[in-house]
Amino acid sequence: VLPKIITAILLFSSLGESKPKKRKGKARLKLSSQGHKIALCIDGDECNRLMQMKLSRLYEVDVNGTDVGNAAKNFNNQKFVSYNWSVPEDILLGDNNTDVIGSRVQLDTDLLVGKPNDGKYATFSLITDMFHNDTEVIYGNETINVLAGSMKFSLLVGNWPWADENNGLSFGVKLKAKTRTGKDASNNPKRRQRRNNGTDSIVIEQLELGDGMFIDSPLNAIIDDEIFGDVTTTVEAATDDDGISIDWILPHFSSSLYYDPVMAEGQEQLQQQDEEDESDHQQQQNDDVIGPVEVEEEEEKEGNSGNSLSTIYSLCTLLLFSALLS
């Protein structure tokens with residue numbers, strides 16, 4: 001009887017210790033296993049305070065922003081589109097490219113556009129950068145300031161099979177943000193515009209999501225590697241009550257389009273916090289940016305881990321009870 005009891009107790013104890021210890025105070029990027037969902041976890045592994053973005057749609061629009069029926073098929077469905085992230089790599093900077101300033105992952109795929117029988121495809125890439133330190137990134141012939149702990153996602157589209165040469169392209173995402181209290185952020189974010197670095201020609205539109213979280217969207221895109229085109233941003237509450245829907249209406253291009261918004265959290269955005277709250281948040285932000293930002297692939301299974309663990313614990317309890325009876 002005693003060996004059975006010891007075996008059951010050891011099994012029960014080892015399962016209790018197998019749960020990984022959560023790390024706090026380090027912003028992290030969690031990616032779905034096939035790329036259609038990206039979460040910026042501001043509070044580290046806890047991931048209670050976060051901004052989560054889902055790819056929604058990519059479609060051609062006329063000069064009035066109206067859908068003309070020429071869209072990427074199944075753009076938001078990972079079952080039909082291959083969204084596979086690359087292996088994370090360091091972002092290097094400095095005179096000899098020896099300073100590691102962040103981590104980068106990238107997905108590349110071909111998108112079927114329009115009628116399936118037409119066999120028309122466009123190339124699509126999404127480059128996602130997480131920055132360890134405050135830095136500047138090159139955008140065209142200028143630079144854009146990016147805060148430590150920020151996520152910059154760069155959209156690259158090529159060879160779009162246009163229905164009309166006067167049309168543009170709309171890139172849509174769904175965004176859901178949760179504050180440090182666990183509440184959903186407002187689905188009606190404040191919008192304001194500013195010039196990057198105060199004097200540069202690039203105008204940034206900022207969506208203030210609350211609790212210091214925001215999205216910076218340049219009002220220009222790089223088309224055909226050199227020309228700047230105007231960008232219009234539309235924001236509305238998601239129809240499925242899942243945060244907000246953001247659409248960037250991008251200009252027409254011949255061969256390629258490049259556009260890179262930034263999703264971030266920063267101390268200077270907390271203008272309505274009192275002194276005590278600002279002090280607490282400043283300490284939290286300082287903790288967030290210590291050390292490298294980790295990039296983690298997140299499997300699509302949700303809500304199963306807790307149930308599985310409970311089942312295993314129940315089984316171990318049954319084994320222990322059986323050992324005692326025998």
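Here is a short chat about the predicted model shown above.

Colleague: Let's start broad: how many helices and strands are there in the chain?
Modeller: Bear in mind that we're talking about a predicted model. Counting along the chain gives three helices, and the strand count is 21.

Colleague: What share of the residues in the chain is buried?
Modeller: A residue goes in the buried bin when its relative accessible area is under 20%. The chain has 326 residues, and the buried ones make up 44%.

Colleague: And what part of the exposed area do carbon and sulfur atoms supply?
Modeller: The chain exposes about 17100 Å². Of that area, the carbon and sulfur contribution is 48%.

Colleague: Among contacts between residues at least 6 apart in sequence, what percentage joins residues at least 24 apart?
Modeller: Take heavy atoms within 4.5 Å as a contact. With the contacts limited to residues at least 6 apart, the portion joining residues at least 24 apart is 61%.

Colleague: Which cysteines does the disulfide join?
Modeller: Searching the whole structure turns up one disulfide. Its S to S distance is 2.0 Å, and the cut-off is 2.5 Å. The pair is Cys41 and Cys47.

Colleague: Is that disulfide left-handed or right-handed, and why?
Modeller: Look at the torsion about the S-S bond of Cys41 and Cys47, which is about -55°. Because of that torsion, the disulfide is left-handed.

Colleague: Are Cys41 and Cys47 buried or exposed?
Modeller: Cys41 has a relative accessible area of 0%. Cys47 comes in at 17%, and the buried class covers values under 20%. So Cys41 is buried, and Cys47 also counts as buried.

Colleague: Why is strand S18 described as largely enclosed by the rest of the structure?
Modeller: S18 spans residues 244-250, which makes seven residues. It is largely enclosed because the number of those residues that are buried is six.

Colleague: Which residue in S18 is the bridge partner of Gly172?
Modeller: Strand S11 (residues 168-178) pairs with S18 in the antiparallel sense, over seven bridges. Within S18, Gly172 has as its bridge partner Asp247.

Colleague: Which residue in S18 partners Val235?
Modeller: Strand S17 (residues 232-237) runs antiparallel to S18, and six bridges join them. For Val235, the bridge partner in S18 is Ile246.

Colleague: Last one: what separates the C-alpha atoms of Ser103 and Met151?
Modeller: Ser103 sits in strand S6 (residues 99-113) and counts as buried at 11% relative accessibility. Along the chain, Ser103 and Met151 are 48 residues apart. Their C-alpha atoms are separated by 9.7 Å.

Key. Residues numbered from 1 in each chain as written. Predicted model: local features only at pLDDT ≥ 70, side-chain atom pairs only at ≥ 80, totals over all residues. Heavy atoms only, no water. Buried < 20%, exposed > 50% of the residue type's maximum accessible area, 1.4 Å probe, protein only. Helix = DSSP H or I, 4+ residues; strand = E, 2+ residues; numbered from the N terminus. Pairing = 2+ DSSP bridges. Areas by Shrake-Rupley, 256 points an atom, 1.4 Å probe, with all protein chains shown as cover.
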